[in-house]
Structures are given as structure tokens and as C-alpha cells.
Amino acid sequence: MKHIFQKGTDQSKPTFVLLHGTGGTEHDLLPIAEKIDPEVNILSVRGNVLENGMPRFFKRLAEGVFDEEDLVFRTKELYEFLDKAAEKYGFNRHNILAIGYSNGANIAASLLFHYQDAIKGAILHHPMVPRRGIELPVLLDKNIFIAAGTNDPICSSQESEELKFILEEAKAEVHLHWENKGHQLTMSEVAAAKDWYLATFNGA
Ligand code: MLT
């Protein structure tokens, strides 16, 4: 998969895997990652699917209606890409924090829905429930931060609560943060994600 890798200065910290929103690229979330922790390795990935020229991480049939077969295929593709990237760049495969926005948050959530050991935690900006009706792996020791919008037109507040509930049922630790700026990735939710990250991953 097309990507950028930036080696960090502290290898004891998690490697951030960045996953952009629809129409974005691997460059979009770099400033946010650097704000959250400038010392970590960063692997920023571009989605392999194109929708009218816009990169995405999996196909959809309509706005908010996912192509489940492609979602499962692309989730496996990303999982295997993480294995290969960890080997190539020499980072700890078991210490990955995914940071995703919108479509990128949805594939990060899908990694959690399908694999017990894909990622250690995630910061999900405006995610949806990626799939319903499947049994999740046990997500004990997985830490997840969700930034959601009370007035997000793409993901209702009920769906954000539902995602939290499903992940908690699977034994993950979930923190749900609310904003009221629609589907926007706001600077205040990035600041909240940073506080959560420092408290959860750095013992602050
Ligand atoms: C998706 O397709 O993943 C969601 O609708 C969010 C987005 O617009 O990318």
C-alpha cells in the first residue's frame, strides 16, 4: 500500500498508523500525529480503493452503506500490510496505535472487529459501526478513544454510542468524547485525544 514511514526518536512508544478520510491522502493526518506525540514512529497509509478519484480504504454502495465483502478483504489487506511494514521498518508489531478519521476510522474499527491482535489501541475521529451481526474477538487491554459529533450528519449520536457499546461488550476500554461540529475533525477533539493518549500510553 502507498505510505509514508517516519522513524521516531523513542522506540519504546507506540507506532502511529494514520488512516485518512475519503478523498484524503497519507499526508493529511501527519500534523495531528505530530501534535499528539512528536517522538513516535509514524506509518501513514493511503487507501487502495478509488471512488471517483477519491482514495478510500474500502468500497461503499452508497453514503454510509458499506460493501461488506470489500470491507473484509481490505481489512485483511491492511492487517497484512502492517505485518510487512513492521518487518521492513523494524518497529514493534504489537505496539500500534491507529489514528483514523471518517473512512480511515471505519477501517481501524474494522481491524478491531475482525482481529484480536491487529492494533493495541485506536483514536477514532467520527467512526461508524463498520459491520453488524458478527462476534468480535476479545479486546481485553485495547484502549480506544472515539471523537463523535452530537450533530454529525454521517454518524448519528446513537451509532457512536452503539460502537462504544459493541467494543465494550468485547472488553475494550473505550472513551467517548463529544463535539458539536458535525463530521469535522476539530482541533479540540485532537487536544482531547492527546490528553487521553498521554494518560493511557505514557502513564501521565
Ligand atoms: C465511509 O464511507 O466510510 C463513511 O461514510 C465516512 C466517509 O464518508 O468516508
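A pocket here is an open set of grid points with protein on both sides within 12 Å along at least five of seven lines, and its lining residues have an atom within 4 Å of a point. The model is predicted.

**Exercise 1. Which residues line the second largest pocket, and how do they divide by class?**

Step 1. Take the volume. The second largest pocket has about 150 Å³.

Step 2. List the lining. It consists of F113, R131, R132, G133, I134, E135, L136, I166, E169 and A170.

Step 3. Sort by class. Five residues of this lining are nonpolar, one is polar and four are charged. Gly counts as polar, so G133 goes into the polar class.

**Exercise 2. Describe the largest pocket and say what sits in it.**

Step 1. Take the volume. The largest pocket holds about 180 Å³ of space.

Step 2. Find the centre. The lining has 16 residues, and T22, R60, E63, S102 and I154 are the closest to the centre of the pocket.

Step 3. Sort by class. The lining of the largest pocket has eight polar, five nonpolar and three charged residues.

Step 4. Place the ligand. The largest pocket is where the ligand sits.

**Exercise 3. Which residues surround the ligand, and which polar side-chain atoms lie within 3.5 Å of its oxygen atoms?**

Step 1. List the shell. Around the ligand are T22, R56, F58, R60, E63, G64, F66, S102, N103, N106, M128 and I154.

Step 2. Sort by class. This shell has three charged, four nonpolar and five polar residues.

Step 3. Check the distances to ligand oxygen. A polar side-chain atom of R56 lies at 2.8 Å. For N106 the distance is also 2.8 Å. For S102 it is 3.3 Å.

Step 4. Check the burial. Alone, the ligand exposes 260 Å², and the protein buries 95% of that.

Key: Residues numbered from 1 in each chain as written. Predicted model: local features only at pLDDT ≥ 70, side-chain atom pairs only at ≥ 80, totals over all residues. Heavy atoms only, no water. Near = heavy atom within 4 Å. Polar contact = N/O pair within 3.5 Å; in protein donor to acceptor, adjacent residues only side chain to side chain. Areas by Shrake-Rupley, 256 points an atom, 1.4 Å probe, with all protein chains shown as cover. 1 Å grid on protein atoms, 1.4 Å probe; cavity = no way out; pocket = protein on both sides within 12 Å on 5 of 7 lines; lining within 4 Å. Sits in = over half its atoms within 2 Å of the grid points. Points joined across faces, edges and corners; volume = space filled by probe spheres on them.
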